[in-house]
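Colleague: Could you walk me through this model and explain the terms as we go? I would like to see how each label is earned.

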Amino acid sequence: MERRMSEQELLGSFENALKFGHIYVCYQPKMNHATGRMIGAEALMRWHDPVYGMQYPSDFIPLLERNDLICQADLFVFETVCKFQRKCLDIGVSAVPVSINMSRYDIYQKNYVDEIEHIRQKYDVPVKLLHVEITESSAIGGMELVSGVLSKLHDFGYVVEMDDFGSGYSSLNVLKDLQVDVIKLDMRFLSGNVGGRGGTIISAIVQMTKWLNTPVVAEGVETIEQADYMKSIGCNYIQGYLYSKPVNEDEFIEKLKKTDHEPVAQAIDLISTMDAGKFWNPQSLETLIFNNYVGGASIFTYQKGKIEILRVNKKFIKETGMNMTEKEVLTLDPWDCFDEKNRKIYEEALLHAIETNDEVSCETCRTLCSKICGEEELWMRSDIRMIGKAGDQYIFYSMVHNITNEKKRFEEVAESDRKLRFASEHANVYAWEYTIATKEMRPCFRCMRDLGVPPVVENYPEPLIENGLFPPDYADMYREWIHKLENGDDSLKEAIIPLTVGRIPFYVRYSLEYDENGKPLKAYGSATLVIENNDK
Ligand code: C2E
Ligand code: CA
Ligand code: CA
C-alpha cells in the first residue's frame, strides 16, 4: 500500500531505513547548457519504504530536522557520496564534483565539518570532488556561526555553494557577507514567466553575481525556454528536469560514462586592485567614493554587442537628469537611447578601450524617455575604461558628464558661423549676426580671424567701440542705427565706416529679419572693403 507515512511511523523506522538502505542517495546532473557537458551533480536523499513506498523529502527532511536526526542523515549521505566517488576513481569512471546538502541544523552542530573531513580522508576522495551546499536561510541562526563554518570548509578546501538563492531572506546582504563559491538560483522561486517580473529579478541577480565574480547555477529548470533565457543573460549552468531528474547511482554512472565533463569556470577575471566584495558593502569606502566623489559613473558589461548595466551611482542618475532609481536604470537596455550613428561612436570607443587597455573618451547624443519628463535629448561625454573580462565578455567602468549645454551653445555658434561663412567666402565680406532680444553679436570666422573678434560679443557694439575696432567718432551714429534696427526700422541701409585699427573704409550694411508678428528678431550685418568695390 503506497502512502505517506505519519511522522510517528517515519521516526520509528528511521534507524532501520538507514541500516537497510531504504534511505539512499540519488544524483541530479548539473550541466553547461552552452556546451552540453556535465559540470557536476547534486546528491539528494531518497526514502523508499518497503511497505509504504516513496516518501517525500519535503515531509521527512523537516521532520528529521525537528528531531535532531538530520545531522546523522546528512553524514550518511556524505559518506555514501564519498564511497561513490571512491568507486568511480577505482573503476576508472571519470568523476564530477558532487554537492551535498548541509542543513542549517548541521551548522549548529559543532563538529560537523570535522566529521565530514574525517569521512573524506577515510575514503581518500580529492576534496575538489565534494562540494557543500548551504542555504541562504542558514544565516537566520546568526551570521557569525555560518561564516565560521564557511571559513572552516574553505580551509579544508571545499567548494561551497549557496543553495536556494533568491528565496527571500535578505539575499544580497547574505552574499556580500558570505563568500560562497557558487550561487544556485532556484527558478521556482521566481515563477514561470521569464519574460516578466521574474525575468527582471533573475537577470538583475545574475548581473550582480557577475560583479561578485561568482558562477551561477540555475536549478529547477524544466523547459528549454527557461534554459535559453538563462543562457541569454549569461548563465549557462543548469540543473533541472530539462536535462535529468535525480537518478540512482547506477543510472548516474551510465550518464557519467556517456556525457563529457568540464570544470566550472570562474565568472570574470576582475582587475586585482578592485575589491568586489567591498564594492557591494554600502558602508565601505569604495561605495562611498563611487557614490560621492567620482561624479556620474556606471559599471556595465559588454558582450557580443549587448550592454547590461550592473551598477550606477547616484550622481550618474543626477547627471543624466533621469527621474529614476538605480534599480530602474538597471533594467534599461542602454542601446534604446542611441540612434545608429551614436551607437557606432560608443561601440567604437568600447572596442578602442579593450584594444588599448586605456581610458577612452567619446561624446554621444542619447534620447531619454521618462514617464515624467517625456523625451529628451542629452549629450554625454563618457570616459571609459575596461576593468575586467571573461571570454568575450567585458566589464567597463565609465564616468559620464552631461555636456548638453556646452554642446547646444557650440552648435548654435557653428550654425551661424556656417551661414556667415557661406556668404563671406564669395565676396570679400565680413559678416555678423545681431540678436535683438539678447544684444548679442556673433561674427563670422573672418571677423574672428582677421579682426580678433570673440565668438560672441555681448552688449554689442560697446565692447568693439571700447577696444578701438570701431571709430569713437562714429560711435553715436552707429548706436542710433542699432537702436533703429531694434525698433524694426531699417531705413538706413548702408554707411561707409572706417573700421579696424587701420581705419579702413568699409561699406556697412544691415538687413532685418522679423518674426511672425512682425517684430524684429535679428539684424544681419556685413562689411565690404570700399577700395575693392571701387576696383571692380
Ligand atoms: P534542494 O536542495 O533545493 O534540491 C532540489 C530539489 O529540486 C530536489 O527536490 C530536486 O528533486 C528538485 N528538482 C530538481 N529539478 C527540478 C525541476 O526541474 N523541477 C522541479 N519542480 N523540481 C526539481 P527533492 O529531492 O524533493 O528535495 C527537496 C529538498 O529537500 C531539497 O531541496 C533539500 O532542501 C532537501 N534535501 C534533499 N536531500 C537532502 C539531504 O541529503 N540533506 C538535507 N539536509 N536536505 C536534503
Ligand atoms: Ca540543494
Ligand atoms: Ca535548491
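Colleague: What makes Glu-42, Asn-101, Glu-133 and Asp-163 donors of the calcium ion (ligand 2)?

Modeller: Happy to explain! This is a predicted model, where local features need pLDDT of at least 70, side-chain atom pairs count only at pLDDT 80 or more, and totals for chains, interfaces and linings use all residues. Residues are numbered from 1 along each chain, chains are lettered from A and ligands numbered from 1 as written, and side-chain values use heavy atoms, without hydrogens and water. Donors are N, O and S atoms within 2.8 Å of the metal (3.2 Å for Na, K and Ca), and as water is not among the atoms, sites may look incomplete. Glu-42 (OE), Asn-101 (OD1), Glu-133 (OE) and Asp-163 (OD) coordinate the ion at 2.1 to 2.3 Å, so they count as donors.

Colleague: Why is Glu-42 called buried?

Modeller: Buried means under 20% relative accessible area, exposed over 50%, partly exposed in between (1.4 Å probe, protein chains only). Glu-42 has 4% relative accessibility, so it counts as buried. Asp-163, at 6%, is therefore buried too.

Colleague: Which two ions does Asp-163 bridge?

Modeller: Asp-163 bridges the calcium ion (ligand 2) and the calcium ion (ligand 3), which lie 3.9 Å apart.

Colleague: What makes the lining of the second largest cavity 15 nonpolar and one polar?

Modeller: Ala, Val, Leu, Ile, Met, Phe, Trp, Tyr, Cys and Pro count as nonpolar, Asp, Glu, Lys and Arg as charged, and the others, Gly among them, as polar. By that rule this lining has 15 nonpolar residues, one polar and no charged.
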